[in-house]
Amino acid sequence: MEIRSLEQYHKAYKQSTEDPEGFWGSVAEEFVWRKSPDSILQWDFEKPEVKWFSDGQLNITENCLDRHLDTIGDQTAIIWESNDPEEDSLKISYRELHSLVCRFSNVLKRNGISKGDRVCIYMPMVPELAVAVLACARIGAVHSVVFAGFSSTALADRINDAKCNLVITADGSFRGKKVIDLKSIVDEGLKASTSVKKVIVLKRTGSAVNLQQGRDVWWHDEITKVDDHCPAEVMNAEDMLFILYTSGSTGKPKGMVHTCGGYMVFTTYTFKTVFQYQPGDVYWCTADIGWITGHSYIVYGPLSAGATTVMFEGVPSFPDMGRFWEVVAKHRVNIFYTAPTAIRALEKADLSYVNRHDLSSLKVLGTVGEPINEEAWHWYDQNIGKGKCPIVDTWWQTETGGIMISPIAGITPVKPTYATFPIPGIQPVLIDEGGSPIEENDKEGRLCIGFPWPSMARTIYGNHQRYKETYFSAYSGYYFTGDGCKRDKDGMYRITGRVDDVIIVSGHNLGTAEIESAIDEHHQVVETAVVGFPHDLKGNAVYAFVITRDPVDNEEQLRKEILSLVSDTIGPIAKPDKIQFVAGLPKTRSGKIMRRILRKIASRDNKNLGDISTLLDPSVVESIKQGAL
Ligand code: PRX
């Protein structure tokens, strides 16, 4: 089922739509199953319910680890690169990783965890993070990784929503010049939690920590108490593998649920296909494992494919703007996968930061997370790829589990800013304003998917109704992505951005409702409306329009307080770039805020405000315009 030519791509795509079960059934044969699946797909987008390989049994870690031991056991599975360039990098072979995972699986069991329990992981980008994730999977516990940049409140929300029984964390994390005390953030978060019985703490920074007796244990103590023999739990293909939270248009973040079989099949298939991974290649995805990109394309996809995957603890700007390129040269990276926001930041630095490093090992470049602008695409192509590396602009989502629309490196054509064509098995559909599918090319619409694919999220943890409403109710019979999309005359897809109230800031999804409710917590604040506006480096930034109780004496002071409130409630990534104090918000007569108008004002596009006559009080628009920042 390998795709090595354009003809094979067309053939595979055709088969995947004409006979999806035959197609995915044969892809699934490449894996190790405890019981091979006979039933390939059952689905109903109305309910909605989707099951792949539902009578199959497996353990994903047997595919990521055990099955490689006889063939590539001594090959490096993970290359770890520290935040500090002076600290030695680590190379962990498949055999060593297997042993580490089994040992830590036994630690989890020793601490009361068994199949079906939820384990929250809040860790820096160190190899133990991958070990923790895989150990959960090995014993059938459901991991919920929370990005270690989230605040204690955001962490507590996620722990409580999933009713986690155990937290795995570290004393602290290094990020550039900063040291962040993760354990104290966990301690703070756990004040608001009743489900967590144990906390396992890894020593990384040497920061002082408070160990709560009976609850907290050290990673390094625990692993001495167990051996490295741990048979994998037999999982049903549709058993939960993990929960990962993502922001939505409204309300609290949604715990997207991914299951074992389909997720494994699709992430491995797309990893090998999109990047055209070849045995021996060194692959580096710069994402954090706290996001879906890290789950699917640092841990599960590459390890299941038997690749060598690089894990980087640091940031692109430390100790200088050449760090990424230094790491590429040092480890002779062949496939490099990053986000447009990083490319835009690196593009601003002097070219000597690039040119002093030998990038000749690179074969394939990738991007993910947000639309890439034309300038960044060309800079990446010319200066990093030296005009000879195909760029795969991969469109997908936390909810989709794996890459959905993307060029296949060196095989299908590329076009700057276009995610181009769907991966075999993916059936994109554009829907017009009236809710009908658009058949013609050279049109723009809302991006939906018309047929299930193996790694789609199966539900929102604890709230199937919300899953239905968010993804399957806008357009009956379709999965709605929340993205706008253009299809050009040749049938290539270009994602134009969110059409809902999610703002993508530096590649991170933020819900406007979440930020608004954080700001509304301030005693001076009556009401807030948050929108996104275009930003050179971040792609989008957050603009908050805030109504206060009394006239503001000291705007700077109040802004500072609001920023720290957002930071404490969600995390520094959600801080607004601009906060404008306003007397009123543009509302319809039914009380709905017209964000369209605020978006225009925030983007300094005052001439095209559209019809404002339906507003309750059209005069507020003028005063907001006058005070715009
Ligand atoms: O708007 C799309 C944008 O990121 C959203 C998904 O965000 P998240 O769930 O955090 O997952 C990001 C990593 C997979 C999408 O709805 N997005 C993602 N990739 C692209 C993109 N927009 C344009 N081009 C992309 N390649």
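Me: In this predicted model, at what angle do helix α17 and helix α18 pack?
Reply: Helix α17 covers residues 512-520, and helix α18 covers residues 555-569. Their axes lie 9 Å apart. The packing angle is about 125°.

Me: Which word describes the orientation of α17 to α18?
Reply: The two helices pack at about 125°. Roughly perpendicular ends at 115 degrees, and roughly antiparallel means over 145. That angle therefore makes α17, relative to α18, oblique.

Me: Is the crossing of α17 and α18 left-handed or right-handed, and how many nonpolar residues does the contact have?
Reply: α17 passes α18 in a right-handed crossing. I515, A518 and I519 contribute from α17, with I562, L565, V566 and T569 from α18. One residue of the contact is polar and none is charged. The nonpolar count is six.

Me: Which residues of α11 make the contact with α6?
Reply: Helix α6 (residues 127-139) and helix α11 (residues 292-304) pack at about 65°, axes 10 Å apart. The crossing is right-handed. From α6 come A130, V133, L134 and A137. From α11 come V299, Y300 and L303.

Me: How many residues of the contact of α6 with α11 are nonpolar?
Reply: The contact has no charged residues. It has no polar residues either. The nonpolar count is seven.

Me: How many residues surround the ligand?
Reply: The closest are D393, T394, T398, D483 and R498. The full count around the ligand is 18.

Me: How far is a polar side-chain atom of D393 from a nitrogen atom of the ligand?
Reply: D393 is among the closest residues to the ligand. Its side chain supplies the polar atom here. For T394, a polar backbone atom is 2.8 Å from a ligand nitrogen. For D393, the distance is 2.7 Å.

Me: Which residue has a side-chain N or O atom 3.2 Å from an oxygen atom of the ligand?
Reply: The ligand atom here is an oxygen. The protein atom is an N or O in a side chain. The residue is N509.

Me: Where is P319 found?
Reply: The peptide bond from F318 to P319 is cis, with omega near -5°. Another cis bond joins K47 and P48, at an omega of about -15°. P48 sits in the loop between β1 and β2. P319 is in the loop between β17 and α12.

Me: What is phi of Q276?
Reply: Q276 lies in the loop between α10 and β16. Its phi is positive, in a residue other than glycine. K163, in the loop between α7 and β8, has a positive phi near 45°. For Q276, phi is near 50°.

Note on methods
Residues are numbered from 1 along each chain as its sequence is written. This is a predicted model: local features need pLDDT of at least 70, side-chain atom pairs count only at pLDDT 80 or more; totals for chains, interfaces and linings use all residues. Side-chain values use heavy atoms; hydrogens and water are left out. Axes are lines fitted to C-alpha atoms, for helices over the stretch in contact, and angles run from 0 to 180 degrees between N-to-C directions. Helices (H or I, at least four residues) and strands (E, at least two) are DSSP runs, numbered from the N terminus. Angles under 35 degrees count as roughly parallel, over 145 as roughly antiparallel, 65 to 115 as roughly perpendicular and the rest as oblique. A crossing is left-handed if the near helix is turned anticlockwise from the far one by less than a right angle, and right-handed if clockwise. Contact means heavy atoms within 4.5 Å. Ala, Val, Leu, Ile, Met, Phe, Trp, Tyr, Cys and Pro count as nonpolar, Asp, Glu, Lys and Arg as charged, and the others, Gly among them, as polar. A residue is near a molecule or strand if one of its heavy atoms lies within 4 Å of it. A polar contact is a pair of N or O atoms within 3.5 Å; within protein, one must be able to donate a hydrogen and the other to accept it, and residues adjacent in sequence count only if both atoms are side-chain atoms.
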